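Here is a friendly walk through one protein chain, from the overall fold down to a handful of residues. Have a look at the model first, then read on.

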Amino acid sequence: MSVTLGEDSITSREVTLGVKAPPYDSERMLNISTRGQILTGSKIMIAGFVLAGSGQKEVLIRGIGPTLGDFGVPGTCTDPKLALILISDPNTAFAENDDWESLPVDIPGICQRVGAFGFPPEGSKDAAIHMALDPGAYTAQVSGLDGTGVGLVELYDADLDPLASTCNLANISTRGEVGVDSEILIAGFVISGEVPKQVLVRGRGPRLADFGVDGTLADPYLRILNNVGTDQLWVASNDNWSDNPNAADIVSISAAVGAFDLTDGSNDAVMLTWLEPGVYTAQVSGVGKTTGVA
């Protein structure tokens, strides 16, 4: 479309208008994963997620260390332990696992069904939890039983028909140590459906100090990449959230979705953007190769 005023003319980019038949809510988060460092104390890897709606959601949660070595990742955690905790009862793990092979269900079959890469056929020290959860707020915590190292925490929607479910992933976050190079914090997620979905992606560092977290990342930098085959295409990036032209929308939508508030002028990085269905990574690094918890 072109708009002309006098001798000036502006032509907008081409867009596609999609018209869908019901149901209209097929654009959903189906899985998310974060790779980072599994350290000790307050620096273990902690993934938080919220299930909203009614009924239950079948989930597969994985804490992966050794198998990352098969993909060329150096310095992996050799024996991760996975604990699932209800945020309303933060001192009690209601489900735990050390080695996935100890579970009484067909974990390899479930992994194949949800599109997760497979574990080695036997002897793997990776951890997994498979169960149905009620709506609520949870954390999945990954620690190392025999030391530290790089690990991966994953959450999959494991319902047989995710789009028919009345209980769905509303948001997810992961807290971990941001290092440099291969040890930055990398979150991967998948958007299903046929039309774009608006997402709020936040790389928080300074604000965590207000919650008593030590050693926070002073100046996070956030990038979103679209994974197309073996390529990663740059989508968007941000250093300081208040530099965004839609900063006011970021504040209002953060409040609407229940995310803790932002501080004017802080170095936290945030993006509010529309993403086409596909596979993405959100990468958090430190400006100037600084490190810390984010």
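## A word on contacts

Two residues are in contact when heavy atoms lie within 4.5 Å. Keep that cut-off in mind for the neighbour lists further down. Please also remember that this is a predicted model.

## How confident is the prediction?

The average pLDDT of the chain is 87, and 92% of the residues reach at least 70. Confidence is highest in strand β8 (residues 127-133), with a mean of 96, and lowest in strand β2 (residues 8-11), with a mean of 70. Where pLDDT is low, the predicted coordinates should not be read in detail.

## The overall picture

The chain holds 19 strands and two helices. Along the principal axes, its C-alpha atoms fill a box of roughly 75 × 45 × 40 Å. How does the radius of gyration agree with that of a compact globule? For 294 residues such a globule would have a value near 19 Å, and the chain has 20 Å, so the two agree.

Contacts between residues 24 or more positions apart make up 79% of those with a separation of 6 or more. Of the 294 residues, 44% count as buried.

## Surface and charge

About 14800 Å² of the chain is exposed, and carbon and sulfur atoms supply 54% of that area. The chain carries 17 positive and 37 negative charges, and the mean positions of the two sets are 1 Å apart.

## Three exposed loop residues

Let us start in the loop between β12 (177-178) and β13 (185-191), where you will find aspartate 181. This residue is not a glycine, yet it has a positive phi of about 55°. Aspartate 181 counts as exposed because its relative accessible area is 57%, and the cut-off for exposed is over 50%.

Lysine 289 sits in the loop between β18 (278-286) and β19 (292-293). Lysine 289 is not a glycine either, and its phi is positive, at about 60°. With a relative accessible area of 58%, lysine 289 is exposed.

Aspartate 243 lies in the loop between β16 (231-238) and α2 (247-256). Is aspartate 243 buried or exposed? Its relative accessibility is 58%, so aspartate 243 counts as exposed. Its C-alpha atom is separated by 41 Å from that of threonine 78, a residue 165 places away along the chain.

## Two buried residues

Isoleucine 250 belongs to helix α2. Its relative accessibility is 0%, so isoleucine 250 counts as buried, the cut-off being under 20%. Which residues does isoleucine 250 contact, leaving aside neighbours within four places in sequence? They are Leu200, Trp241, Asn244, Leu262, Val270 and Leu272. By C-alpha atoms, isoleucine 250 and aspartate 134 are separated by 29 Å, with their positions 116 residues apart along the chain.

Alanine 294 is in the segment after β19. At 8% relative accessibility, alanine 294 is also on the buried side of the cut-off. Not counting residues up to four places away in sequence, alanine 294 touches Thr174, Arg175, Gly176, Val178, Leu185, Arg204, Leu208, Leu217 and Val284. Its C-alpha atom is 6.9 Å from that of glycine 203, although the two residues are 91 positions apart along the chain.

Notes:
Residues are numbered from 1 along each chain as its sequence is written. This is a predicted model: local features need pLDDT of at least 70, side-chain atom pairs count only at pLDDT 80 or more; totals for chains, interfaces and linings use all residues. Side-chain values use heavy atoms; hydrogens and water are left out. Helices (H or I, at least four residues) and strands (E, at least two) are DSSP runs, numbered from the N terminus. The radius of gyration is taken over C-alpha atoms; the globule rule is 2.2 Å times the number of residues to the power 0.38. Buried means under 20% relative accessible area, exposed over 50%, partly exposed in between (1.4 Å probe, protein chains only). Accessible areas come from the Shrake-Rupley method with a 1.4 Å probe; for residues, only the protein chains shown count as cover. Lys and Arg count as positive and Asp and Glu as negative; His and the chain ends are not counted. The place of a charge is taken as NZ of Lys, CZ of Arg, CG of Asp or CD of Glu. pLDDT is the predictor's confidence in each residue, from 0 to 100.
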